[in-house]
Structures are given as structure tokens and as C-alpha cells.
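Biologist: Could you walk me through this one? I'd like to learn how to read sheets, helix packing and DNA contacts.

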Amino acid sequence: PEPAFDGAIAAYLLNPGRTVYRIEDLAREFGLPEVPEGETPGAVAGRAGALLALRPALESALREAGLWSLFAEIEMPLVGILARMEATGIAVQREALEEMGRELEERILAVQQEIFQRVGYTFNLNSPKQLADVLFGKMGLPVIKRTKTGPSTDAEVLEELALQEPLVERILDYRTLVKLKGTYVDGLAPLIEADGRIHTTFNQTVAATGRLSSADPNLQNIPIRIEEGRRIRKVFIPGEPGWVLFAADYSQIELRVVAHFSGDEALLDAFRQDQDIHTRTAAEVFGVPMEEVTPEMRRRAKAVNFGLIYGQSDYGLARALGIGRGEAKEFIQRYFDRYPGVKAYMEQKVQEAREKGYVTTLLGRRRFLPEIHARTFAVRQNAERAAINTPIQGTAADLMKKAMVAICRRLDASGLRARLLLQVHDELVFEAPPEELPALYELVVGEMERALTLRVPLKVEAKVGRNWYEMEPYTP
DNA sequence: GGGTGGCATTGATAA
DNA sequence: CATATCAATGCCACCT
């Protein structure tokens, strides 16, 4: 079921940075008569009338901005797809989740005991303020950095303090365990509905870059990097007996988009040869053959690649790698020597934002950046990074959304029983009967790889598993 | 005193 | 002093 016109989505495309979508405000913005506020019959009727009148106004505005096809061919069809994904939900093994909760609870109590024992008294370990009193007051540890309100106790600080005070390691453990239990066990459990499934909400008008977001619960930030947290994924299972989960994710989508936009020869070459992009970057930056790239060189190159997508500064890179600012500056210098097209692209985007007031993605999605003219350096620099990052992140979002629309059309027509469950920015998760996997693979990977034609191939990797933890590479 | 709302801090994902 | 989100807890102001 696909609605014909959604005024909020129209307003979002016209300015994805907005945070309110009240009809009263949109009416004012698009030159309609003032709508009374409140819940009186007059106000309610006024809003209904204004919404009707808004449609042609929004439609013209979309056409004038070159956003009509993005609206009509991608965002509107996506509305029904997301609605169905939400209604479908993803099955969760309640028993396994509760068991994880009990184990975490035990470990939390043990770690807590150990900490209180060594400190000599109990306090609220969850309070950064009380923790700071213990660490920097009683124990006399050095303050590494400050927040607005006092000494910081974030993970970066604690990791440094752990070098001289082993107890701090336990505090880090405590934080990890409490995060897992609070957000991912106690947070998810009450959201399991009577059908044994969790039904998230995908928000289509929140992210200024064009991405989706997920809330209540957020299923786009289920742990994966750290093994302890990754285990949470075991509780997400197929909802039908004998079925499996199937996931397809774009490989290095954002760097491929950079290659496309910048036309940088070395970057294009790397993807056309399907090279490991971080190894190739290391080889370029450190001036060695790819075979001689060490793990440490690759790690640093990877940080540079991520930094580039975000509009890195030498300061930010230095912090990410734990090196000096001078050294970081050298890396960036050498990177731009090797990838001059990327440097030119970045400068061009900032210039474009200054001249036009906005930047755009491949499909014309735009983001206004009025702060590009700010007098305050930090504010202006923030806008400059957004000018660089938004076309990259937003084009990746365009691609994925276009693929979702194509995939769901074909899936509906195919007679396959497989169902799309989740989107995690560069990844789609399905549940499917195993016998459908070869057909599902062809359909999904094919549509994702051909969603748009860039100057480099798009690569999609597929995985299959009996839960979201045990996903193994899949090729038919 | 209890309830509520907002800000600050922290940390999870995209990898 | 890296891009974009969402959410938990603590803490404080405010209200009744």
C-alpha cells in the first residue's frame, strides 16, 4: 500500500535539516493563510484544509528544485516498504535474551563489588560526577580532559588512566556490561510483542543526509564490533521454522562514491581492480608495494580513509590514531599528493556550498548549509565538513533506497516468500526459506549492484545464518 | 514529596 | 578537536 502524497516527506526533501513538520509551520513557509494553533474544531479543520492546500504548493516546489523524481519514484514508494518492514518485525528469542540478562547481571554485581572493595566505599558508579570524585579526588589520578561541567570520564580517558591504575580497567568493564544489559537486554525485552517479534520504527524524515533512522528500538545500532556485545545478535532469529536470515551489504560504498564523484585516477583504479582499498591506500601513502603493507600501515591508512569521508582535520586524525598533530598532517599531505582528485573534490564541495547555499547528492537530494558563512571558525568548519560528507553519505543513501524499491517490487512479483526485515544504512536483512536463497541472492545482489551506474563497480557481499550472529558468507 | 521535562554525558551503529 | 543517528542514566529546575 503506497500513499500518493506525503507532505512531511515532501517538506523533508525540500529541506532535510528541518526538525518540525507541523502543518501550521509549513503553511506559513509555503505562503498559505495563517492556520490557528490548538485542538479546537476550528484549528483541526484548519490543519486539514491547509494540508490539502499544501499539496500543490509542495509539489511545485519539489519540481522547481529538481526533486520530483526522487520524491515520486523513491521516497514515496519507500513509505509502503518501510511500513511493511515495521509491520513484519524481526523475531527475537525471548528465553535467550533473558538468559543473557541474568548472566550480565551476575557479572555486573561481581565487577561492582570488586570496584567498591578497592575504593573502600560504595557510590553510584553510573554517575560520571561521583566517579570523577573517586578517580580524580580520592585516588588522585590526573584529569585528562574536561567536559562542560567537570573532568571527563569517557572511555578514551579511562583507557589512558587504566595504564597506571588497573582498577580503571574494571570500571571500563562495568560500563560495557551495563550498556549491554541496559540498552540491549532490558531495553529490548519489553518491546517483544505478542507475535514474538520486535517492530522498530523507521524514520524517513529525520536524518539531514538522506539516511533512514530507526527508533523504539533502534535496530541500526545493535552491537557488532566487540565480541561481548556482538553476542546480542544471537537472539535475532528467523520467524518461521527452518528459515534463515539473509543479509546483503554494500562493500566500501562511501569510498566508491568518493571515487565516482572525484574521478580520482588512483581511487578509480583501486576499485576497478577490486583491490583492498585500505591496503592500496597504505601502499600509496607509505610508498611501498601492496605486498609490503604491514598491518599497522593498513590500520593507519584505514583511519585516513574514514577521516577523509568525514572531512578530516589533522587534529581529528591525530586523536583517532593516537599520534602527534604534525605526523597526522604529514599523512594527510601524502594522501592528497597521491589522491589529488579527492582533494580537488573536497574543495569543490565547500565552494559549491558557499555559492549555492546547499550541496546535493547524485539523485539531487539537497542539504542547506547556511552556517558555511558563519563568522565563528568552529561553526563554519562544521558546515564545511558537512559539505564534504553529505554528498557522500547521502548518495549512498540514495543508492540503497533505490535498490530497496526495486528489490521489493521484484520480490512481490516473484512469488518468493522471503521478507525484507531491516535496513542498516549499507545492509539489508531478510528472512527466507533456505530453498529460496539462490533466487533471493540473484535478485537482491543484482538490484543492489545495478541500482545506479557509477564510474566504479558496486560490490555487494551476501551472508546467511540461523541467527544474526552466525552470519557466514554466501554464494549460490 | 512526586512527576515531568530538558540538558549533559556516555556509548552503540554505519566499518 | 571527524559524519550521521538513538537511547540510557544522572541531575537539576520546575510544577503542583
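Modeller: Sure, let's start with terms. Helices (H or I, at least four residues) and strands (E, at least two) are DSSP runs, numbered from the N terminus, and two strands pair if DSSP finds at least two bridges between them. Before we dig in: this is a predicted model, where local features need pLDDT of at least 70 and side-chain atom pairs count only at pLDDT 80 or more, while totals for chains, interfaces and linings use all residues. Residues are numbered from 1 along each chain as its sequence is written, chains are lettered from A and ligands numbered from 1 in the order in which they are written, and side-chain values use heavy atoms, with hydrogens and water left out.

Biologist: Good. What is the strand order in the open sheet of five strands?

Modeller: The general idea goes like this: strands of a sheet pair through backbone hydrogen bonds, either parallel or antiparallel. Here the order is E9-E10-E6-E11-E12, with antiparallel pairing. Strand E9 (419-423) and strand E12 (472-473) each have a single partner strand, so one side of each is left without a neighbour in the sheet.

Biologist: How many bridges pair strand E6 with strand E11?

Modeller: Six bridges, in the antiparallel sense, between E6 (residues 244-250) and E11 (residues 460-465). To get the register, look at Ala-248, which stands opposite Ala-462 in E11. Helix H17 (residues 377-414) packs on this sheet, touching E6, E9 and strand E10 (427-432). Touching is a matter of contact, meaning heavy atoms within 4.5 Å. The direction of H17 makes about 20° with that of E10; axes are lines fitted to C-alpha atoms, for helices over the stretch in contact, and angles run from 0 to 180 degrees between N-to-C directions.

Biologist: And what joins E11 to E12?

Modeller: A hairpin, through six residues. The two strands run antiparallel with two bridges, and Lys-463 has Pro-473 in E12 as its bridge partner.

Biologist: Which strands make up the open sheet of three?

Modeller: That one reads E2-E1-E5, again with antiparallel pairing. Strand E2 (197-198) and strand E5 (236-237) are the edges, each with a single partner strand, so one side of each lacks a neighbour in the sheet. Two bridges join strand E1 (residues 90-92) to E2, and Ile-90 stands opposite Ile-198 there.

Biologist: On to helices. At what angle do H13 and H15 pack?

Modeller: Use these bins: under 35 degrees counts as roughly parallel, over 145 as roughly antiparallel, 65 to 115 as roughly perpendicular and the rest as oblique. H13 and helix H15 (residues 325-338) pack at about 75°, with axes 11 Å apart. That makes H13 roughly perpendicular to H15. From H13 the contact uses Arg-300, Val-304, Asn-305 and Leu-308, and from H15 Glu-327, Phe-331 and Tyr-335.

Biologist: Now the DNA. Which residues come nearest to DNA strand B?

Modeller: A residue is near a molecule or strand if one of its heavy atoms lies within 4 Å of it. Of the 22 residues around strand B, Thr-147, Thr-153, Ala-155, Ile-224 and Asp-426 come nearest. Sugar and phosphate account for 69% of the atoms of DNA strand B that come within 4 Å of the protein.

Biologist: Which polar contacts should I look at?

Modeller: A polar contact is a pair of N or O atoms within 3.5 Å; within protein, one must be able to donate a hydrogen and the other to accept it, and residues adjacent in sequence count only if both atoms are side-chain atoms. A polar backbone atom of Ala-155 is 2.7 Å from a phosphate oxygen of DNA strand B, and a backbone N or O atom of Lys-148 lies 2.9 Å from one. The largest share of the surface near strand B, three residues, comes from H8.

Biologist: What part of DNA strand C lies within 4 Å of the protein: sugar or phosphate, or bases?

Modeller: Of those atoms, 75% belong to sugar or phosphate and the rest to bases. A polar side-chain atom of Tyr-315 lies 3.1 Å from a base nitrogen of DNA strand C, whereas one of Arg-367 lies 3.0 Å from a phosphate oxygen of that strand. H17 gives the largest share of the surface near strand C, five residues.
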